[in-house]
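Work through the two exercises below. Keep the sequence and the model in view.

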Amino acid sequence: MKFVPEYRGVLRLKAREYGQSVMGAPLQYFPSEGKCELLVMAAIHGEEPETTFLLSRVLRAFEKNFQSIAFILCANPDGMTLGTRGNARGVDLNRNFPTANWMDSPVGSRSILEAARDTLLSPGRTSGSEPETAALVSLIEDLKPQEILSIHAPIGCVDAPEETPLVQNLEETFGLPWVPDIGYATPGSLGTWCKEHSLNCVTLELPRLAPELLFERFGASFAALLEDMNAHN
């Protein structure tokens, strides 16, 4: 891999389409050139655009696709475009996965981190009802990665059931604490779906910083971590 910071005007990695959103936007990923060991994804919640910003800035400094890591810059393009947490139907995609504990009750979310859960979203008509969720499940089943890294914001922690080497690397790179549980129920979440399928899923909750500051503080070290993992997988 060649890391060239001044490239950042254009994303040079080659993308493939793995589905379409409710509004018909292409769902794209950047495949690994070899066996996919790690899938890194951002913005399953449209109100967390800083996750896409940071990942895009990092990837735009590389010349070509990674050997063992695949990437999704935005798992919820409709939500990102509309500025909503859920997709175009108001569904929280991270509560729509086909899990044993999926619930049809409304999902509460916060306008800001300190607020009460003052916004209600749908978990979907049924589990896995949304095209974005179904396409992502199908992609994961096709790629069969060893691990998934899902980037969120702005709680500021590394959430995973076990403190694996990936978790430890993220702790060091971002200076964030590991928590074995986020502290509230997440029925129908990607993490729960992964657990049911014996797949390691790590949630990186970026700290509450402006996108430029996230890149300034973590861009180079995150790029170095991805490059190192790519070389050793």
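Helices (H or I, at least four residues) and strands (E, at least two) are DSSP runs, numbered from the N terminus. The model is predicted: local features need pLDDT of at least 70, side-chain atom pairs count only at pLDDT 80 or more, and totals for chains, interfaces and linings use all residues. Residues are numbered from 1 along each chain as its sequence is written, and side-chain values use heavy atoms, without hydrogens and water.

**Exercise 1. Describe the largest cavity and its lining.**

Step 1. Fix the term. A cavity is a set of points on a 1 Å grid over the protein atoms alone where a 1.4 Å probe fits but cannot get out; lining residues have an atom within 4 Å of a point.

Step 2. Size it. The structure has one cavity of 30 Å³ or more. The volume of the largest cavity is about 40 Å³, taken as the space filled by probe spheres set on the points.

Step 3. List the lining. Tyr-18, Ile-44, Ala-75, Leu-93, Phe-97, Glu-132, Thr-133 and Leu-136 line the largest cavity. Helix α3 (residues 131-143) gives the most, with three residues.

Step 4. Sort by type. Six lining residues are nonpolar, one is polar and one is charged.

**Exercise 2. Place strand β7 among its partners.**

Step 1. Check burial. In β7 (residues 147-152), five of six residues are buried, meaning under 20% relative accessible area with a 1.4 Å probe, protein chains only.

Step 2. Find the pairs, which need at least two DSSP bridges. Strand β3 (residues 38-42) runs parallel to β7, joined by five bridges. Strand β10 (residues 200-205) also runs parallel to β7, with six bridges.

Step 3. Set the register. Leu-38 stands opposite Glu-147. Ile-148 has Cys-201 as its bridge partner in β10.

Notes. Buried means under 20% relative accessible area, exposed over 50%, partly exposed in between (1.4 Å probe, protein chains only). On a 1 Å grid over the protein atoms alone, a cavity is a set of points where a 1.4 Å probe fits but cannot get out, and a pocket is an open set with protein on both sides within 12 Å along at least five of seven lines; lining residues have an atom within 4 Å of a point. Ala, Val, Leu, Ile, Met, Phe, Trp, Tyr, Cys and Pro count as nonpolar, Asp, Glu, Lys and Arg as charged, and the others, Gly among them, as polar.
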